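Biologist: Mind if I quiz you on this one? Let's put it up and start with the hole inside.

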Protein chains: 2
Amino acid sequence: MTSRFDRDTALVPGDAGIGVDISPAWDIGVRPNGGYLLALVVRAMREAAGFPDPVTVTGHYLRPPTQGAARVEVETVRRGGRHGTASARLIAGGEECLRVLGTFGDLAAADGPSQPLPPAPDVPSPEDCPRLEEVPGWQVIPRFYDQIDARIAEFGSADGTVGRITGWLRFSDGRPPDADSLLLFADGLPPAVLAVTRAGWVPTVELTIHVRARPAAGWLLASFSTRFLVGGYLEEDGELWDSDGRLVALSRQLALVRGGVL
Amino acid sequence: MTSRFDRDTALVPGDAGIGVDISPAWDIGVRPNGGYLLALVVRAMREAAGFPDPVTVTGHYLRPPTQGAARVEVETVRRGGRHGTASARLIAGGEECLRVLGTFGDLAAADGPSQPLPPAPDVPSPEDCPRLEEVPGWQVIPRFYDQIDARIAEFGSADGTVGRITGWLRFSDGRPPDADSLLLFADGLPPAVLAVTRAGWVPTVELTIHVRARPAAGWLLASFSTRFLVGGYLEEDGELWDSDGRLVALSRQLALVRGGVL
């Protein structure tokens, strides 16, 4: 049986680009989750890039897309011996909604030096953390969390942050995580800045994700922090760890707080 | 008198794109500094983006450029009410060397909420820190540091990092920093990973910079850290603070350690 994520990121190559279908299943409120859109576009870029793993991808969010049929136009920027770079445009409702620039590589062939990593955050196991919908204060649970099982380990302001949220994530239908789905999971928890503001909307301007390793099967541990909120702009820095305790992705987004009060 | 930075990032609009001149004055070894190239391209993108400040720019480094005459081809991706997005290609020696995607805005008009910031690192004043060339262990000082006055406050491994380097930066010719030059300064200190490896070359794969405020005149304080070195890939996270103690930029790059041993 095909997983919901694979079904909703399926590609149909054609004359006018790669056909995709923007599913409402991954909505946050009335807009598709930014990580879902990025994963969809990055899947369409892989062949043009010529390498399996999206080692660094950046999306600039131009406008919310209409749902349903859309297309991705992909350009190969460069293919080298170690990396391939591609650019892509997501076009929905006749308008470009997302521009992505990505460099792909082969993480299985990465043979350079390593240093012992800082360990993953020390939090209770997923079974001992409440589901997102059980955490007081979340009045409306977006549809996205029908597809994603999220367990919240920490949510608040601490350690020099404006806000931090840490939790466990997995697909509700049991699909194991892979490099592509890290792009989704890197935007998979509510914004950390909601620890200090009642903003209803924290639109992403730009999201960059470094995939550092292919994840093992099982839960992912995700931690997102915002340190600097200035004039309504904020960064949200994320780390994703796999069930073996390895760092598998780093993310950073620039976002805006809209319509909120502190 | 025009500053060296302004002279070496001057633009000559023409039929085949915007003419630029890649100066050897900003070389690190035999290659131009990545931040210099990014600043050069971003200056060429501003008119197409239609807003003054590069709030988030990402460069993917495809190959080292030849020096001398080159051109930048710029595409407007979208102009909205608050932001404008543009894409650009730096072409030197007939080959694309750098692809940049950037969203511009007007930081002077940013009117959203702010939170008290974590303070700048507490380090000795620039006058009490050694110049880069006075720090033991740097055998060869790149030409770049003829243009940039760098004072090193901290260099080593501490606080859960593989490496960290903190220092003061300014233009040697007295030019005050501005939003554009933050793109240069965000790549303005030797790689933090050199605290643990003798790698001669730490090539940047991708560099993303968020400009969060226009800097005040005077010294910039820059701090760069690497936490995760895996299979030869590393991230380097940077913070830039102005002389008023305000955070003015965040940077993150994905880079490789080449030819080094731990």
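Biologist: How do the residues lining the largest cavity divide into nonpolar, polar and charged?

Modeller: This is a predicted model, where local features need pLDDT of at least 70, side-chain atom pairs count only at pLDDT 80 or more, and totals for chains, interfaces and linings use all residues. Residues are numbered from 1 along each chain as written, chains are lettered from A in written order, and side-chain values use heavy atoms, without hydrogens and water. The lining consists of Thr208(A), His210(A), Leu250(A), Arg252(A), Glu206(B), Thr208(B) and Arg252(B). With Ala, Val, Leu, Ile, Met, Phe, Trp, Tyr, Cys and Pro as nonpolar, Asp, Glu, Lys and Arg as charged, and the others, Gly among them, as polar, that gives 1 nonpolar, 3 polar and 3 charged.

Biologist: Which elements give two or more residues to that lining?

Modeller: Strands here are DSSP E runs of at least two residues, numbered from the N terminus. Both chains contribute: β11 (204–211) and β15 (247–256) of chain A, plus β11 (204–211) of chain B.

Biologist: How are chain A and chain B related?

Modeller: Superposing by least squares on C-alpha atoms with pLDDT of at least 70 in both copies, chain A lands on chain B with an RMSD of 0.0 Å. That takes a turn of 180° and a shift of 0.0 Å along the axis. The copies are thus related as by a two-fold rotation axis.

Biologist: How many salt bridges does the rule find across the interface?

Modeller: The rule wants a side-chain nitrogen of Lys or Arg within 4 Å of a carboxyl oxygen of Asp or Glu. One pair that fits is Glu75(B) with Arg99(A), whose closest N and O atoms are 2.7 Å apart. Across the interface of chain A and chain B, the count is 6 salt bridges.

Technical notes
1 Å grid on protein atoms, 1.4 Å probe; cavity = no way out; pocket = protein on both sides within 12 Å on 5 of 7 lines; lining within 4 Å. Helix = DSSP H or I, 4+ residues; strand = E, 2+ residues; numbered from the N terminus.
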